[in-house]
Amino acid sequence: EVPRGSRQKEENIRCLTMLGHFGFECLPHQLVNKSIQQGFSFNILCVGETGLGKSTLIDTLFNTNSREKKSSHFRPNVELKIQTYQLQESNVQLKLTVVTTVGYGDQMNKEARDILHKGVGKGVAMVNIIPLIAKADTISKNDLQTFKSKIMNELISNGIQIYQFPTDDKTTAQVNSSMNEHLPFAVVGCMDEVKVGKRMVRGRLYPWGVLQVENENHCDFVKLRDMLLCTNTEHLKEVTHTKHYECYRRCRLQKIGFTDVGPDNQPLSFQEIYETKRKEFHEQCQREEEELKHKFMQRVMEKEIAFKEAEKEASISSLI
Ligand code: GTP
């Protein structure tokens with residue numbers, strides 16, 4: 001960070017002593033009020049094979065009811081299921097859109113690969129990837145640690161960049177860096193409530209005891225929920241817009257001929273490229289119009305000749 005004094009000198013900014021109360025200290029409140037009025041939106045894409053526990057996890061996270069019926073393992077292709085919910089916590093409205101894959105992983109067919117490639121394009125992530133281990137109650141504690149390391153090693157060796165909880169904000173640096181160490185989160189989903197002592201808790205009841213979804217000694221569900229919805233929601237959205245969407249937009253523009261530098265490596269202005277493209281398009285339209293006109297004239301001439309021929313033949317036959 002540039003020290004305040006040197007930045008002021010550089011930009012030649014003078015510090016003024018205020019004579020009265022201006023009121024611009026309310027600026028943050030204005031932003032908060034505006035955001036609360038508009039409401040927030042958050043999109044989640046949940047990818048995993050059929051029956052992995054995606055819907056149950058989403059329902060447990062948001063107290064929704066998206067599990068209508070089981071999907072078949074024998075679908076010919078992969079589909080996306082989109083569900084939108086309006087959630088409210090105190091006076092904050094959240095429009096949540098959850099997209100889940102249906103039929104993914106049953107057959108590594110073309111569509112499945114497409115979805116994978118849309119999320120992870122040649123190692124460059126196009127979305128914030130948060131890896132999870134589902135049904136973590138089906139694996140022992142020791143095996144889980146080995147499994148976590150194995151997954152992380154595979155992600156690294158395949159060059160897949162996952163989302164890192166940010167550590168540049170003092171207030172969240174400590175918790176976020178410790179959470180980065182816990183990835184992938186091993187989660188359990190369950191909508192059932194069971195009695196533990198005198199309390200009712202969300203959990204899976206087994207002959208040997210209860211797995212409590214919200215007990216941090218049992219699984220990482222609370223860690224996932226806190227990281228996703230309490231600590232880093234805004235950062236996740238910001239990274240999506242400023243990094244992933246910008247990267248996607250840039251690639252799309254490059255594909256249709258918009259580049260930052262010309263063949264001589266000199267920077268090109270967007271306006272110049274736009275004008276050139278517009279001229280090219282205009283010329284192409286003119287060419288096509290000329291071609292159409294030419295074809296039309298030819299057809300008219302052909303018809304005229306045919307008409308005259310027919311007329312001639314008709315007059316001969318009437319003479320006879
Ligand atoms: P499709 O929508 O059919 O692709 O499946 P899905 O991935 O959404 O799985 P779903 O949530 O429907 O769960 C499938 C089955 O796994 C159900 O019987 C759930 O009760 C069970 N299940 C879900 N989460 C867990 C979990 O954390 N642990 C265990 N043991 N079972 C789970």
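**Note on helix packing and a small sheet in a predicted model**

1. In this predicted model, helix α6 passes helix α7 in a left-handed crossing. Helix α6 covers residues 170-182, and its axis lies 11 Å from that of α7, at an angle of about 140 degrees. Angles over 145 degrees count as roughly antiparallel, and α6 and α7 are therefore described as oblique to each other.

2. The residues that bring these two helices together can be listed from each side. From α6 come Thr172, Val175, Asn176, Met179 and His182, which meet Lys223, Met227 and Thr231 of α7. By character, the contact of α6 with α7 comprises three nonpolar, four polar and one charged residue.

3. Helix α7, residues 221-231, also packs with helix α3, residues 54-62; the two axes come within 11 Å and cross at roughly 65 degrees. This angle makes α3 roughly perpendicular to α7. The crossing of α3 past α7 is right-handed.

4. On the α3 side, this second contact involves Leu57, Thr60, Leu61 and Phe62, while α7 supplies Phe221, Leu224, Arg225, Leu228 and Leu229. Seven residues of the contact of α3 with α7 are nonpolar, one is polar and one is charged.

5. Attention may now turn to the strands. Strands β8, β9 and β10 form an open sheet in that order, with antiparallel pairing. Strands β8 (193-196) and β10 (209-212) are at the edges with a single partner strand each, so one side of each has no neighbour in the sheet. From one strand to the next, the twist averages 70 degrees.

6. Within this sheet, β9 spans residues 199-206 and is joined to β10 by four bridges, the two strands running antiparallel. One position can be followed individually: Gly203 has Gln212 of β10 as its bridge partner. In general, the strands of a sheet pair through backbone hydrogen bonds, in either a parallel or an antiparallel manner.

7. As for annotation, an unreviewed UniProt entry lists residues 38-111 and 127-255 under "domain: Septin-type G". Over residues 127-255, the chain of the model is 50% helix and 16% strand. The C-alpha atoms at the two ends of this stretch are 20 Å apart.

Terms used
Residues are numbered from 1 along each chain as its sequence is written. This is a predicted model: local features need pLDDT of at least 70, side-chain atom pairs count only at pLDDT 80 or more; totals for chains, interfaces and linings use all residues. Side-chain values use heavy atoms; hydrogens and water are left out. Two strands pair if DSSP finds at least two bridges between them. Axes are lines fitted to C-alpha atoms, for helices over the stretch in contact, and angles run from 0 to 180 degrees between N-to-C directions. UniProt positions are given in the numbering used here, feature names are shortened, and annotations may be inferred rather than shown by experiment. Angles under 35 degrees count as roughly parallel, over 145 as roughly antiparallel, 65 to 115 as roughly perpendicular and the rest as oblique. A crossing is left-handed if the near helix is turned anticlockwise from the far one by less than a right angle, and right-handed if clockwise. Contact means heavy atoms within 4.5 Å. Ala, Val, Leu, Ile, Met, Phe, Trp, Tyr, Cys and Pro count as nonpolar, Asp, Glu, Lys and Arg as charged, and the others, Gly among them, as polar.
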